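Reader: Please take one part of this model and describe it closely, contact by contact. After that, set it against some other parts and against the whole chain.

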Amino acid sequence: MKNPPRSLITRLGIPPTLAWGYLGLLLFMIGDGVESGYLSPYLSDEGVSDSRVALLFTVYGVAAAVAAWLSGVLSDLWGPRRVMWAGLGIWALFQLLFLTAAIPMSSYPLMMLGYGLRGLGYPLFAYGFLVWVAGVAPRARLGTAMGWFWFAFTGGLPTLGSLVASGLIPHIGAYATLWAALALVAAGGLIALLLVRDDRGGKQPRSADAGPLATLLGSVTILWRNPRVGVGSLVRVINTASQFGFFVIMPLHFTRTVGFTLTEWLHLLSAMFATNIFANLLFGVVGDRLGWRRTIGWFGGAGCTLSTLLLFYVPNAAGANFPLALVVAAFYGATLAGYVPLSALVPSLEPRHKGQALAALNLGAGASTFVGPAVVAAFAGPLGLEGVVWIFAGMYAVSTVLSFVLKLPDESDPADADGSGVRSGDARPDGDPAPASAPA
């Protein structure tokens with residue numbers, strides 16, 4: 001008897017019960033990304049000094065890193081849905097404080113409270129949904145499901161968010177655009193939380209020894225309790241370390257040494273991350289077909305080793321050749337996405353504690369935001385930019401080797417629930433997932 005035809009959503013690799021969640025995530029992240037390209041100069045125009053703006057953004061970043069780690073822990077304790085509600089509530093509450101009191105009163109302490117603590121909001125919402133995806137998607141299509149997650153996440157922040165801001169500011173002004181961001185976040189959050197009906201977003205039964213403190217500590221001890229999760233977290237640190245390091249030093253290099261204008265550099269940056277958006281989806285699919293470890297190792301690790309060097313040496317040799325620089329910038333953005341299957345692989349390394357495993361992975365993501373700039377700060381003086389680039393390339397080469405340590409445990413999970421006929425526990429002997437069955 002033939003299996004019934006699968007829906008288009010299922011064929012695309014999106015868990016059908018979570019489809020509204022992906023749309024909600026996209027709208028939420030568009031709203032969160034509205035300010036990314038203009039809030040700093042806007043606050044400067046409002047009389048906030050550059051050093052205070054930098055401190056405000058630092059506090060926001062620290063809050064976001066903490067929330068990224070807690071999202072997995074709290075999802076284990078409360079369930080992803082409650083974590084997402086908490087993220088939406090925090091974002092909306094502190095954005096209201098920022099808009100109704102901090103900015104009108106020009107109060108820096110209130111800005112620090114409102115904007116700084118708002119940084120807790122988006123990671124709880126977004127990464128809570130990430131845990132939900134990890135618990136619902138069948139293993140054979142988990143890489144694709146994660147690719148769609150990162151497609152929605154990076155599509156909103158900063159890409160479409162900045163585009164919305166550029167369209168609204170000339171018509172309604174910078175301050176009113178921040179209110180529009182709140183509306184988009186609220187709409188996206190409510191779509192995801194009210195329209196997704198999957199029961200696995202609720203609190204799940206856990207063993208008697210898995211209390212709040214044990215779960216919290218477990219999200220850290222898992223790094224050595226399951227060394228492969230620790231290795232996965234380290235690979236995640238390496239993944240975007242160069243990205244955050246290059247944000248510090250590459251704008252000056254491209255504008256002062258290579259000879260591009262600031263506008264041209266910003267266009268290169270836009271092309272880099274526009275490519276990254278679609279590559280996130282592509283490598284999610286490739287990971288399910290070719291194998292998660294192979295995709296991470298060859299397209300992510302080896303690819304970034306090469307693209308990092310090309311991003312420096314090609315413009316250095318060719319000068320202000322915009323088309324050529326565009327190609328290497330897009331290639332770099334694409335290879336960064338080669339690590340997307342990590343979001344599928346790491347929770348599968350610890351199937352009984354997926355929230356803890358994702359908390360460890362998110363801890364690595366948060367660490368990369370300061371590891372990259374720290375490498376620049378430590379080595380740009382004695383080694384110059386060229387030396388820094390080689391350090392990042394070496395880190396990527398190391399991640400290539402580390403990725404092949406990340407073998408999945410041998411286990412058999414129940415058949416998937418989407419009717420695809422692919423068992424979620426099916427795996428190749430080397431630990432990579434079996435290829436997804438061809439679309440019907």
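**A loop residue and the helix beside it**

Author: E35 sits in the loop between helix 2 and helix 3. The model is a predicted one. The relative accessibility of E35 is 6%, so this residue counts as buried, the cut-off being under 20%. Leaving aside neighbours within four places in sequence, E35 is in contact with Y115, R118 and L178. Another residue from far along the chain can be placed beside these: the C-alpha atom of A181 is 7.9 Å from that of E35, although 146 residues separate the two in sequence.

Two of the contact partners of E35, Y115 and R118, are among the buried residues of helix 6. The others buried in helix 6 are Y108, M111, M112, G114 and G116. What do the buried residues of helix 6 pack against? Their partners are helix 2 (19-33), helix 3 (39-45), helix 4, helix 5 and helix 7 (121-136). Helix 2 and helix 3 are also the two elements that the loop of E35 joins.

Of these partners, helix 4 can be described further. Helix 4 spans residues 50-78 and helix 6 residues 108-118; the two pack at an angle of about 30 degrees, and their axes are 7 Å apart. The crossing of helix 4 past helix 6 is right-handed. On the helix 4 side the contact is made by R52, L55, L56, F57, V59, Y60 and A63, and on the helix 6 side by Y108, M111, M112, Y115, G116 and R118. By class, ten of these residues are nonpolar, one is polar and two are charged. Y115 and R118 thus appear both in the contact with helix 4 and in the contacts of E35.

Leading into helix 6 is a loop from helix 5 (80-102), and S106 is in that loop. Most residues other than glycine have a negative phi. S106 is not a glycine, yet its phi is positive, at about 50 degrees.

Other parts of the chain can be set beside this region. Helix 15 (residues 342-349) has eight of its eight residues buried, so it is largely enclosed by the rest of the structure. Its buried residues pack against helix 7, helix 8 (142-172), helix 11, helix 13 (292-318) and helix 16 (354-403). Helix 7 is therefore a partner of the buried residues of helix 15 as well as those of helix 6, by the cut-off for contact of 4.5 Å.

Helix 11 (residues 227-258) contains T240. T240 has a relative accessible area of 10% and is buried. The side chain of T240 makes polar contacts with the side chain of R236, at 3.0 Å, and with the side chain of S368, at 2.8 Å.

F273, in helix 12 (residues 262-290), has a relative accessibility of 15% and so counts as buried too. Not counting residues up to four places away in sequence, F273 touches T159, Q243 and F247. The C-alpha atom of A337, 64 residues away along the chain, is 9.9 Å from that of F273.

As for the whole, the protein has 16 helices and zero strands. Of its 440 residues, 53% are buried. Among contacts with a separation of 6 or more, 83% are between residues 24 or more positions apart. The accessible surface is about 17800 Å², with 70% of it belonging to carbon and sulfur atoms.

Key
Residues are numbered from 1 along each chain as its sequence is written. This is a predicted model: local features need pLDDT of at least 70, side-chain atom pairs count only at pLDDT 80 or more; totals for chains, interfaces and linings use all residues. Side-chain values use heavy atoms; hydrogens and water are left out. Axes are lines fitted to C-alpha atoms, for helices over the stretch in contact, and angles run from 0 to 180 degrees between N-to-C directions. Helices (H or I, at least four residues) and strands (E, at least two) are DSSP runs, numbered from the N terminus. A crossing is left-handed if the near helix is turned anticlockwise from the far one by less than a right angle, and right-handed if clockwise. Ala, Val, Leu, Ile, Met, Phe, Trp, Tyr, Cys and Pro count as nonpolar, Asp, Glu, Lys and Arg as charged, and the others, Gly among them, as polar. Buried means under 20% relative accessible area, exposed over 50%, partly exposed in between (1.4 Å probe, protein chains only). Accessible areas come from the Shrake-Rupley method with a 1.4 Å probe; for residues, only the protein chains shown count as cover. A polar contact is a pair of N or O atoms within 3.5 Å; within protein, one must be able to donate a hydrogen and the other to accept it, and residues adjacent in sequence count only if both atoms are side-chain atoms.
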